[in-house]
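Colleague: Mind if I quiz you on how you justify the labels on this one? Put the model up and I'll start.

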Amino acid sequence: MGDTGRRSTRTSSALSRQEPTPMPLVPPPDPSRRLALYALAVCVLSVAAAVVSFVQGSWLGIVWVLLAGLSSNMTWYYVRRGRGGSSVSG
């Protein structure tokens, strides 16, 4: 009366003749990994800018330190998101 869940022999024999799909050697690029690298680059550059600013005697380096902290947190967020971290929601 209904579908019993069994496949017909024609369908299963057609599937068994298919060649397996080859696995790629390199995994596809992950957007989280790319964003983590960008955030890390911003963090490193803002730390360098803060050091230069403080060496020159400018208090503007505080803004660079804050930006370094923010980008550091973003880096960790995207790294954990890319790994499938359970504590990060989103």
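Colleague: What kind of phi does G84 take, just after α3, positive or negative?
Modeller: Positive: G84 has a phi of about 85 degrees, just after α3. Bear in mind that this is a predicted model.

Colleague: How do you know which helix to trust, then, and which one has the lowest confidence?
Modeller: By pLDDT, which runs from 0 to 100. Helix α2 (residues 31-55) has the highest mean, at 95, while helix α1 (residues 9-16) has the lowest, at 56. The protein chain averages 82, and 69% of the residues score at least 70.

Colleague: What makes you say the span of α3 is close to what is expected?
Modeller: The expected span is 1.5 Å times one less than the number of residues. Helix α3 (residues 61-83) has 23 residues, and 33 Å is expected; its first and last C-alpha are 33 Å apart, so the span fits the definition.

Colleague: Which residues of α3 are called buried, and why?
Modeller: G61, A68, S71, T75 and Y78. They get that label because each has under 20% relative accessible area. Part of what covers them is α2.

Colleague: How many of the residues in the whole chain count as buried?
Modeller: Of the 90 residues, 13% do. The accessible surface comes to about 7,900 Å², with 64% of that belonging to carbon and sulfur atoms.

Colleague: And what makes the pattern α-α-α?
Modeller: The chain has three helices and zero strands, so reading along the sequence gives α-α-α.

How values were computed. Residues are numbered from 1 along each chain as its sequence is written. This is a predicted model: local features need pLDDT of at least 70, side-chain atom pairs count only at pLDDT 80 or more; totals for chains, interfaces and linings use all residues. Side-chain values use heavy atoms; hydrogens and water are left out. pLDDT is the predictor's confidence in each residue, from 0 to 100. Helices (H or I, at least four residues) and strands (E, at least two) are DSSP runs, numbered from the N terminus. Buried means under 20% relative accessible area, exposed over 50%, partly exposed in between (1.4 Å probe, protein chains only). Contact means heavy atoms within 4.5 Å. Accessible areas come from the Shrake-Rupley method with a 1.4 Å probe; for residues, only the protein chains shown count as cover.
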